[in-house]
Each structure stands twice: as structure tokens, then as C-alpha cells.
Amino acid sequence: MPLLSADPAAFPADPPANPQDPAAIAAHDWAAFSALDEMADHWARPGWADGSRAYYWMLTFPNAPELAALARKCQKTLAPLGLDPVPPDGLHVTLTRVGTPDTVTLAQLEGVTRSVRPLLPAAFSLRAMPLAGSRGAVRLSLGPWKPLLQLHATLIDVSRTAGLAPKKPTSAFRPHLSLAYNNRQRVAAPVIEAVAGLRILSAVELPVVQVQLVELRREEREYRWDVLKSLSLR
């Protein structure tokens, strides 16, 4: 399993003690989120204005009714806070950024896809666990991390070999699945309190059988994408 390390730009900054133990991951995520004093505007991201586009590797869940139902239940309870809910067809796990349309050619994308295909790991399953959050979002913890870290490392290695420079190394990867984005600077306590009441909900099992290369775009306060390639795991 790729090594994890502390990174002040990641959230949580420190990795969990046992990234293979879903309970340990969930507790670690919650400890970091519940210690926040303030939350930041997720959309105030330099270089990622409305209309921005970039290529990403992601996991998407177009046929996951239990996940969609869990998201709706949580979003309904959180609605009075005025967060920006992720629509059912927008639920995803971000893996790694490949580049932008003005820095990466279609030929490079084709080459990366060809190189990645024979290196992909076996299909696996994730647990989308109790709700927690970050500075800019309310999100589900995910576990175990080992298959996600191995997939992330493979994607990063292929990009580097192709001459592309991923922004985030696997050592700083903190897998999660966002359900709602925070859209203003605010005191964190009311959000933490609302999220705490939803942590009793049951986890959802997510089979992961494919990984998608997408052109991701920001449309006001949502993320949308077009799938360029969908590769089956072994």
C-alpha cells in the first residue's frame, strides 16, 4: 500500500492510523471535522471559476440508488443551513487531476488511457460511512483505503511517465465523497451539530468496477462532467 504522510494542504492533514480500518477512518475524519472553528467557501478556489474545465480521473455512481437515497436524506436535514447539495447524478469520488484542455492534448489523453488500462487493479468495494466534513464540504468517509490508494498511485505514475504533472501525490490523498458544498465563510459549529445527528445512518456499500476519465467543469455552484473514457477494473 502506498505510504501516506502529513500534508497541511490535505484534510485531515494527518492520515488515519489504520487506513484499512473503516471505523478508524471514520473516527479520524470526524475528529478533524468536529475540531473546526470555521468553514470556508468551497467555491472561492483560485483558478477554478465558473466555467472552468479540467481533465480528471474519477469514480462515478450513476446506478447506486442506496447512495442517492442516503444523499437525499442527509441533504434534506441539512437544507436549513443553505449548503449547495450535490445532485444524485453528480455524486463522485475525485481521484486525480490530469490537466486542463489548454495544457493536455487529446493525443496525450489517449496515450495515458492506453498505458493505464493494463495496469488497473481488480474491482473492489467501498463503504460510504458516517457523515463528516472538511473546511469546505460535508462528506462521507470512505473505506478501506488500500484499493483507492493503489488505484491513485497507478494513475499518478502513468501521468508522470507521460510527462504530465499531477497536483497531489498519493501520500496526500484523502478519499471522500462530498454530499454538499459550503458556499460562504461561516462558523462551523452549527454544521458540525447538524452532521452529528446524521452519523447514525447506515453505511452504503459501493462496488467499484470502473474508473472514468472525465472533462470536469464548474457550472455556477455545481460540478458536471462528460465521460471521455470509462475503463473496467480487472
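What follows is a friendly exchange about the fold, the packing and the salt bridges of this predicted model.

Biologist: Before we start, what should I know about numbering and confidence cut-offs?

Modeller: Residues are numbered from 1 along each chain as its sequence is written, and side-chain values use heavy atoms, with hydrogens and water left out. In this predicted model, totals for chains, interfaces and linings use all residues, side-chain atom pairs count only at pLDDT 80 or more, and local features need pLDDT of at least 70.

Biologist: How many helices and strands are there in the chain?

Modeller: Helices (H or I, at least four residues) and strands (E, at least two) are DSSP runs, numbered from the N terminus. On that basis the chain has five helices and eleven strands.

Biologist: What is the radius of gyration of the chain?

Modeller: The radius is taken over C-alpha atoms, and the globule rule is 2.2 Å times the number of residues to the power 0.38. For 234 residues that rule gives 17 Å, and the chain comes close to it, so it is as compact as a globular protein of that length. The C-alpha atoms fill a box of roughly 50 × 35 × 35 Å along the principal axes. The radius of gyration itself is 17 Å.

Biologist: What percentage of the 234 residues is buried?

Modeller: Buried means under 20% relative accessible area, exposed means over 50%, and partly exposed lies in between (1.4 Å probe, protein chains only). By that cut-off, buried residues make up 51% of the 234 residues.

Biologist: Which strands are at the edges of the open sheet?

Modeller: Two strands pair if DSSP finds at least two bridges between them. The open sheet has five strands with antiparallel pairing, in the order β3-β7-β6-β5-β9. Within it, five bridges join β5 to β9, and Phe124 has Val208 of β9 as its bridge partner. The strands that pair on one side only are β3 and β9.

Biologist: Over how many bridges do β10 and β11 pair?

Modeller: These two strands form a hairpin with two residues between them, and Glu220 in the turn has a positive phi of about 55°. Glu219 has Glu222 of β11 as its bridge partner. The antiparallel pairing of β10 and β11 runs over ten bridges.

Biologist: How many of the ten residues of β10 are buried?

Modeller: Strand β10 covers residues 210-219. Besides its hairpin partner, β10 pairs with β2 (residues 53-60) in the antiparallel sense over six bridges, and there Tyr56 has Val214 as its bridge partner. The strand is mostly covered, and its buried residues number eight.

Biologist: Why do the buried residues of α5 lie on the same side of the helix?

Modeller: The buried residues in α5 (residues 189-196) are Val191, Ile192 and Val195. An α-helix has 3.6 residues a turn, so residues three or four places apart point the same way. The arc is that of the directions from the helix axis to the C-beta atoms. These three share a side of α5 because they cover an arc of only 100°.

Biologist: Which elements cover the buried residues of α3?

Modeller: In α3 (residues 106-116), Leu109, Gly111, Val112, Thr113 and Val116 are buried. Contact means heavy atoms within 4.5 Å. What covers these residues includes β2, β4, α4, β10 and β11.

Biologist: How far apart in the chain are Asp89 and Arg224?

Modeller: Their side chains meet in a salt bridge at 2.7 Å, N to O, where a salt bridge is a side-chain nitrogen of Lys or Arg within 4 Å of a carboxyl oxygen of Asp or Glu. Asp89 is in the loop between β3 and β4, while Arg224 is in strand β11. Arg224 is buried, with a relative accessible area of 18%. The pair is separated by 135 residues.

Biologist: Which residues are linked with Arg224 in a network of salt bridges?

Modeller: Arg224 also forms a salt bridge with Glu222, the closest N and O atoms being 3.8 Å apart. Glu222 is partly exposed at 30% relative accessibility. The network thus links Arg224 with Asp89 and Glu222.

Biologist: Is Arg217, the salt-bridge partner of Glu219, buried or exposed?

Modeller: The closest N and O atoms of Arg217 and Glu219 are 2.6 Å apart. Glu219 counts as partly exposed at 38% relative accessibility. Arg217 has a relative accessible area of 15%, which means that Arg217 is buried.
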